[in-house]
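I sat down today to look up one helix and a few backbone oddities. Here are my notes, in the order I made them.

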Amino acid sequence: MQAALVVVDSFLSDKKDKDDNDYRNQSNNDSILEKENSKNEDDNNDKGKPVAKLLIVDDDSDIVQVLKRGLQKNSFLVDAFTNPEEALQSFKSNAEAYCLVLSDVRMPRLSGIQLARKVKEASPSVKVILMTSFEIRDSEFSKVFPSTHVDGFVQKPIGIKDLTKKILSVISETRRRKE
Amino acid sequence: MRIESENNESIMKWFDEEVRDGENSIIIYPNLQTFRQIYTKYVKDQLSKEDENNSKRNEPSLPRIMLIATFYETTDSVKHHLSAAGLQNIQSLINNGSLVIVDAFSSYYPNVDGMKKLVASLSDRARKEGRDGVTAIVDMGFFFLFGGDGRATELINYEASLAPKTEGGNVKGFSCYHGGNYDTLKDDQKKELAQRQKKVFEVTESTTTS
């Protein structure tokens, strides 16, 4: 884990200062998470250098809370939303600040598939990982959703440790490609 | 027709009296919690009604087949919520074919007619087993998964294909829309959805505070 963190940390170092400022200025419209965002922001700032800034979207507020806390403990900066439309709005207003979007697939208003498409349109370099509780495996995903480019896929429920590994591997892949 | 989500009795009355066998209708629900309340209350009421009827008969009959096809929760989650609502015999209802719980995605993908085939097969089985019929509570979230006007057209065509059966129909169909999805449709698309005399029932969030 430490080695992977160092790789990612290097990749993100040029964005750190901006991310820090953006994170402090972040205005999260999601009332459920607003208080939690504020508290965890302080926690993050106490721990020093963040790994990367993530946008998490899931219409289940319990899942969002758990993921947000767990990933923040692993040194990620996290903005979290239960409303995908608000998440997209937040993303578009500050796309360059985000390194990766982690989204549920089946959400009303705007599905994870649609969100992924819009995120890639706005900022092709941002990585997208989709997650679902349903029986669609990674290998089947491209057949089911051929027009949507995603960088990873996870099956819920997933532990924070495994999710962190997945996120780091997707971010590290970008680093390797750049080299 | 609009009813607040806390008005369970009115919602069930609508299920029982406004929609008859052979008809298809549209339900718009405000959130997943309300959708859960609707299917849970329906299953409970239907089973207690069957128990009541059977106690009056010499030969008990099997209940209507109840199909619950969800999109925003897993089949295990449906079972969990039914059990949590006090239905202790979920697995036996599933085993004897009275309750069918499916992921709507698997019936709509890759061909949207898959759901119609499933309902038709349940309708045939209900007849063979001497049941009153089938109630199909189906979430339409699948049609909103990919987005785009093409999908809305496909949805409208699909709803139009669910023609009422005036004779011999034994299926009560409820196409259930999450309000967040329904609101993404244009006004003319909403009108087209309700064609063929479909009844539209909107469950709104309660305005009263507890």
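For packing, I count two residues as in contact if their C-beta atoms, placed from the backbone, lie within 7 Å. I also keep in mind that this is a predicted model.

**Entry 1: a helix in chain B**

I began with helix H6 of chain B, residues 113-128. I find 16 residues in H6(B), and the distance from its first C-alpha to its last is 23 Å, close to the 22 Å expected at 1.5 Å a residue.

Next I asked myself which residues of H6(B) are buried. My list reads B:Met115, B:Leu118, B:Val119, B:Leu122, B:Ser123 and B:Ala126. Looking down the axis of H6(B), I see these buried residues fall within an arc of 140°, so they line one face of the helix. The general rule is a handy reminder here: an α-helix has 3.6 residues a turn, so residues three or four places apart point the same way.

What do the buried residues of H6(B) pack against? I noted four strands of chain B, namely S3 (65-70), S4 (99-103), S5 (134-139) and S6 (171-178), along with helix H5 (104-108).

Then I turned to the other side of H6(B), where I found B:Asp113, B:Lys117, B:Ser121, B:Asp124 and B:Lys128 exposed.

I checked both ends of the helix, too. Just after H6(B), B:Gly130 has a positive phi of about 70°. In the loop between H5 and H6 of chain B I came across B:Pro110, and the peptide bond that joins B:Tyr109 to B:Pro110 is cis, with omega near 10°.

**Entry 2: a cis bond in chain A**

Over in chain A, I looked up the peptide bond from A:Lys156 to A:Pro157 and noted that this bond is cis, with omega near 0°. Where is A:Pro157 found? I placed A:Pro157 in the loop between strand S5 (152-155) and helix H7 (160-178) of chain A.

**Entry 3: positive phi in chain A**

I then looked at positive phi values in residues other than glycine. A:Ser75 has phi near 75°, and I located A:Ser75 in the loop between helix H3 (61-73) and strand S2 (77-81) of chain A. Is A:Ser75 buried or partly exposed? I counted 17 other C-beta atoms within 10 Å, so A:Ser75 is partly exposed.

My last stop was A:Arg109, with phi near 80°. A:Arg109 sits in the loop between strand S3 (100-104) and helix H5 (112-122) of chain A. With 19 other C-beta atoms within 10 Å, A:Arg109 is partly exposed, because a residue counts as buried at 20 or more.

How values were computed
Residues are numbered from 1 along each chain as its sequence is written. Chains are lettered from A and ligands numbered from 1 in the order in which they are written. This is a predicted model: local features need pLDDT of at least 70, side-chain atom pairs count only at pLDDT 80 or more; totals for chains, interfaces and linings use all residues. Helices (H or I, at least four residues) and strands (E, at least two) are DSSP runs, numbered from the N terminus. The expected span of a helix is 1.5 Å times one less than its number of residues. A residue is buried if 20 or more other C-beta atoms lie within 10 Å of its own, exposed if 12 or fewer, and partly exposed in between; C-beta atoms are placed from the backbone. The arc is that of the directions from the helix axis to the C-beta atoms.
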